[in-house]
Amino acid sequence: MSTMATWAAAISSVGSLLTALIVFCYNKNKDKRSNAEKVAGWVNFTSVSEKKGPIANITVRNMADLPVYDVFIMGCLNNQTLDNFAVWNKCYLYNNILPPGEKTAELPTLGSAVGSHIVINMFFRDASGREWLRDGKGILKEAKNYKDRLRNKKIFEPYF
């Protein structure tokens, strides 16, 4: 076999190995996110209650086959991030378990300003123990140690 053919075979083998590795990593990441991707929440409408003040009627949906745990939902304005939103207290809901299905609830809020609206940010833990954030734009991100993040904002367990 010529040197050129040997090099071509070696490069082809390495290329095949790299392709297989990339596909494996992609599928592993996809599997890791598969249940979390099926959990979402949104604001249906907002109103002001005489007794409760400003509230948002929200829907939380878990379309996975397994429940999610430690579901922590916060209301904030669409033009704020979780890091610069300092007044989280009282504008949240907590459920220790969210089984498959859909649930509606009333979320206390601080109201909204001109040009903004209420969105929800939802932390949760999937059945595999991975922690996630579905932010107000619907983006799913891994959120390791999110309870530490809540403690930094002066939100401590028990949440109620």
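Let us walk through this structure together, from its overall plan down to a few single residues.

The structure is a predicted model, in which local features need pLDDT of at least 70 and side-chain atom pairs count only at pLDDT 80 or more, while totals for chains, interfaces and linings use all residues. Residues are numbered from 1 along each chain as its sequence is written, and side-chain values use heavy atoms, with hydrogens and water left out.

We can start with the overall plan. Two helices and eight strands make up the list of elements in the chain. Here helices (H or I, at least four residues) and strands (E, at least two) are DSSP runs, numbered from the N terminus. Read from the N terminus on, the elements follow the order α-β-β-β-β-β-β-β-β-α. The chain has 160 residues, and 32% of them count as buried. A residue is called buried under 20% relative accessible area, exposed over 50%, and partly exposed in between (1.4 Å probe, protein chains only). About 10000 Å² of the chain is exposed, with carbon and sulfur atoms supplying 57% of that area. These accessible areas come from the Shrake-Rupley method with a 1.4 Å probe, and for residues only the protein chains shown count as cover.

How do parts that are far apart in sequence meet? Among contacts between residues at least 6 apart in sequence, 60% join residues at least 24 apart. Contact here means heavy atoms within 4.5 Å.

Now for the sheets. Strands of a sheet pair through backbone hydrogen bonds, either parallel or antiparallel. In this model, two strands pair if DSSP finds at least two bridges between them. One open sheet has three strands in the order β1-β2-β5, with antiparallel pairing. Its edge strands are β1 (39–49) and β5 (101–108), each of which pairs on one side only. On average, neighbouring strands of this sheet are turned by 20° against each other, direction ignored. For such angles, axes are lines fitted to C-alpha atoms (for helices over the stretch in contact), and angles run from 0 to 180 degrees between N-to-C directions. Look next at β2 (residues 53–62), which pairs with β5 in the antiparallel sense over eight bridges. Along this pairing, asparagine 57 stands opposite glutamate 106 in β5.

The other open sheet to find has five strands in the order β4-β3-β6-β7-β8, again with antiparallel pairing. Here β4 (92–98) and β8 (140–142) are the edge strands, each pairing on one side only. From one strand to the next, the twist averages 20°. Strand β7 (residues 131–134) runs antiparallel to β8, and three bridges join them. Tryptophan 132 stands opposite glutamate 142 in β8.

Between β7 and β8 there is a loop, and aspartate 135 lies in it. Is this residue buried or exposed? Aspartate 135 counts as buried because its relative accessibility is 12%. Its side chain reaches the backbone nitrogen of isoleucine 139 at 2.9 Å. The side chain of aspartate 135 also makes a polar contact with the side chain of lysine 141, at 3.4 Å. A polar contact is a pair of N or O atoms within 3.5 Å; within protein, one must be able to donate a hydrogen and the other to accept it, and residues adjacent in sequence count only if both atoms are side-chain atoms. Leaving aside neighbours within four places in sequence, aspartate 135 is in contact with Ile120, Asn121 and Lys141.

Tryptophan 42, in strand β1, is another residue worth finding. Tryptophan 42 is partly exposed, with a relative accessible area of 31%. Its side chain makes a polar contact with the side chain of asparagine 44 (3.0 Å). The C-alpha atoms of tryptophan 42 and glycine 138 are separated by 8.6 Å, although these residues are 96 residues apart along the chain.

Let us end with aromatic rings. Rings of Phe, Tyr and Trp (its six-membered ring) pair if their centres lie within 6.5 Å; planes under 30 degrees apart count as stacked, over 60 as edge-to-face and the rest as tilted. By this rule there are three aromatic pairs. Phenylalanine 72 and tyrosine 92 are stacked, because their ring centres are 4.9 Å apart and their planes are at 25°. Phenylalanine 72 lies in strand β3 (residues 68–77) and tyrosine 92 in strand β4, so this pair ties together parts 20 residues apart in sequence. Both phenylalanine 72 and tyrosine 92 are buried. The rings of phenylalanine 72 and tyrosine 94 have centres 6.4 Å apart and planes at 55°, so that pair is tilted. Ring pairs link Phe72, Tyr92 and Tyr94 into a cluster.
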